[in-house]
Amino acid sequence: MGSGDAPMASSLKEFHARSIADREGFWAEQARLIDWEHPFGQVLDYSRPPFARWFVGGRTNLCHNAVDRHLAARRDAPALIHVSSETGTERVYTFGELHREVVRMAAAMRALGVRRGERVLIYMPMIPEAAFAMLACARIGAIHSVVFGGFASHSLASRIDDAAPVLVVSADAGSRAGKVIPYKPLLDAAIELSRNKPAKVLMVDRGLATFERTAGRDHDYAELRARHLDEEVPVEWLESNEVSYTLYTSGTTGTPKGVQRDVGGYAVALAASMKHIFCGNPGETYFSTSDIGWVVGHSYIVYGPLIAGMATIMYEGTPLRPDPGILWQLVEKHRVTVMFSAPTAIRVLKKQDPSWLTRHDLSSLRTLFLAGEPLDEPTARWIGDALGKPIVDNYWQTETGWPILTVAHGIEKTPTRLGSPGMPMYGYDLRLLHEKTGDEVGVDEKGVVAIVPPLPPGCMQTVWGDDERFVKTYFTSVPGKLVYSTFDWGIRDRDGYYFILGRTDDVINVAGHRLGTREIEESLSSHSAVAECAVVGVADALKGQVAIGFVVLKDPALAATAEAAQALEGELMATVDRQLGAVARPSRVHFVSLLPKTRSGKVLRRSIQAICEARDPGDLTTIEDPSALEQVRHALGGGR
Ligand code: ATP
Ligand code: MG
């Protein structure tokens, strides 16, 4: 067991090495960052590989650690800052007020019959009640399953079926870029479609859209809240390995997987990451531009910052409205110290006048963290230069809940390296494996990014309701070895920095050369005309596969005429030629005005590839804008 006088690690590498060599001691120490109602008897139970159980026998609660725990020291300090640029509203909840609202929501849920271990599906826009609902579930030991508010009936129905919730919490409508999107008709249709119909629906009425109510099933939150205004709902202490929530992966590579997470391991992992990686201090403000429908929203809008005693901004709106300076205006106004966004949001800003980035006082901001997609060098450099702040890439997955690769400036001020998310984080026994033999590859050699189990605290426990699928999906890709595959392809330089080259599905084989789509995309992006791009491998009778690029230009006028487009295509090919060699040169580069992406902003390369090969684009339930696929079809059809 670790003790308070354990030697301080002086470097990230040492810190990491100890986390693997002495897992139990290391994590027992981290576990002190949170409150336990009852201490754990065993740090790790790994008697049934690859299933890991952390902090066995310990009793704790996520809501207690995020809210109640801070009441003594910071009852009147801001906890939840809700901003909607859609409705033009802003409301700050102190820890005391947040506590009250969470308890009211918990009382409403209990009144509707929700019990410990039962599922509550949350299908909501970015409004404070969505965070109250998550925390209320955590408080009473119900399992939440947040479904991104942008999903339509079909996607919602399949998640209702999987979770079999007793209650759905929803709202009349969301709003996106000024357009009201009614939720209730979609919810009604989804319940109609689903096999596991919830007994109750709890509706938050924002007054944006009228909706129909089903008598006996649908309840109004304002009414229930008023009835339970002063009720006390004590925290339900949960064994560390009880289930806190389920959440689906983004569906970039196929059917989304239902990730199941525990209570104690997750709380410890988040508390540790807030300290070592995000370096957030109590009383400061954290701003993540994600959505509660994604894992970043769970870990770093709701739970992580609050567990750390920070205020967290919950933002409903786009990065462009009312103007492209809105994110930075919020940083200035709320003195944000730690910010978290995605490369895709930054690429949106890249198409705007860069002066928007310098109109606000950003002196409070220490670091901008970016994750979710490869952060190409030009984008990283552009935003870093414009803001004059450190940009820290971090690589992880819905499955892991917190970063796998990044730098941990709470441990050591390791310099960042453009194009690399950084080094393995403590707790992750990371390897790069040869995809066929499963042997470790050497420095500067490409391999599959894999984790030797047990996975550290905070990572998924299993696939919800399907242990077999968990083992089969994640632990059987390397023959003869029980390792967790990330299904990403990477490389490590001699200093230990990793580079993610793309998904293993996306690796292109051109005349026997293995190329990551990321490498070619990175090269195309280095051309000053390119805002963003996607490269896919397409079957070719002669070469096996050829690379085809789809490029969104900063200024579409650059390819307005056929001649201009042809000239630019030639320039882009020459750029790749020069940087990577002729073998990587795309056989075509098409210009489109948008790329097919998931609702979480990830490029759907598999769908682009399928269209290029005249195949069915597959599961599209998570696509952002289906017209992007039409553009791909059109581009291939000869139009530019
Ligand atoms: P699905 O698993 O359903 O296909 P998904 O993998 O897109 O969807 P997420 O868990 O949201 O679902 O995304 C994790 C993936 O995103 C990683 O495996 C990796 O491919 C990519 N990714 C995340 N962060 C980074 C990063 N910093 N650099 C490069 N790639 C990243
Ligand atoms: Mg994935």
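Trainee: Why does phenylalanine 475 count as buried or exposed, whichever applies, in terms of relative accessibility?

Mentor: In this predicted model, phenylalanine 475 has 2% relative accessibility. Buried means under 20%, so phenylalanine 475 counts as buried.

Trainee: What makes the pair of phenylalanine 470 and phenylalanine 475 stacked or edge-to-face?

Mentor: The search of the whole structure finds 34 aromatic pairs. For phenylalanine 470 and phenylalanine 475, the centres are 5.2 Å apart and the angle between the planes is 70°. Ring centres must lie within 6.5 Å to pair, and planes over 60 degrees apart count as edge-to-face. The pair is therefore called edge-to-face. Phenylalanine 470 has 1% relative accessibility and counts as buried.

Trainee: Which residues form one aromatic cluster?

Mentor: The members of that cluster include Phe15, Trp27, Trp54, Trp402 and Tyr428.

Trainee: Why is arginine 227 called buried or exposed?

Mentor: Arginine 227 lies in helix α9, residues 221-227. The relative accessibility of arginine 227 is 58%. Exposed means over 50%, so arginine 227 counts as exposed. From arginine 227 to leucine 349 the C-alpha to C-alpha distance is 45 Å, with their positions 122 residues apart in sequence.

Trainee: How do you know that strands β9 and β10 pair, and in which sense?

Mentor: Strand β9 (residues 173-176) and strand β10 (residues 179-182) share 4 bridges in the antiparallel sense. Pairing requires at least two bridges, so the 4 bridges qualify β9 and β10 as paired strands. Arginine 176 has lysine 179 of β10 as its bridge partner. The hairpin has 2 residues between the strands, and alanine 177 takes a positive phi near 50° there.

Trainee: What makes the approach of lysine 602 to ligand 1 a polar contact?

Mentor: A polar side-chain atom of lysine 602 lies 2.7 Å from an oxygen atom of ligand 1. The limit for a pair of N or O atoms is 3.5 Å, so this pair is a polar contact. Glutamine 397 also places a polar side-chain atom 2.9 Å from an oxygen atom of ligand 1. In the side chain of aspartate 393, an N or O atom is 2.8 Å from a nitrogen atom of ligand 1. Taken alone, ligand 1 exposes 640 Å², of which the protein buries 95%. Elements β20 (391-394) and β27 (498-503) each give two or more residues to the shell around ligand 1.

Trainee: How many residues surround ligand 1, and of which classes are they?

Mentor: Ligand 1 is surrounded by 20 residues, with Thr249 and Asp488 among the closest. By class, the shell has 4 nonpolar, 9 polar and 7 charged residues.

Notes
Residues are numbered from 1 along each chain as its sequence is written. Chains are lettered from A and ligands numbered from 1 in the order in which they are written. This is a predicted model: local features need pLDDT of at least 70, side-chain atom pairs count only at pLDDT 80 or more; totals for chains, interfaces and linings use all residues. Side-chain values use heavy atoms; hydrogens and water are left out. A residue is near a molecule or strand if one of its heavy atoms lies within 4 Å of it. A polar contact is a pair of N or O atoms within 3.5 Å; within protein, one must be able to donate a hydrogen and the other to accept it, and residues adjacent in sequence count only if both atoms are side-chain atoms. Accessible areas come from the Shrake-Rupley method with a 1.4 Å probe; for residues, only the protein chains shown count as cover. Ala, Val, Leu, Ile, Met, Phe, Trp, Tyr, Cys and Pro count as nonpolar, Asp, Glu, Lys and Arg as charged, and the others, Gly among them, as polar. Buried means under 20% relative accessible area, exposed over 50%, partly exposed in between (1.4 Å probe, protein chains only). Rings of Phe, Tyr and Trp (its six-membered ring) pair if their centres lie within 6.5 Å; planes under 30 degrees apart count as stacked, over 60 as edge-to-face and the rest as tilted.
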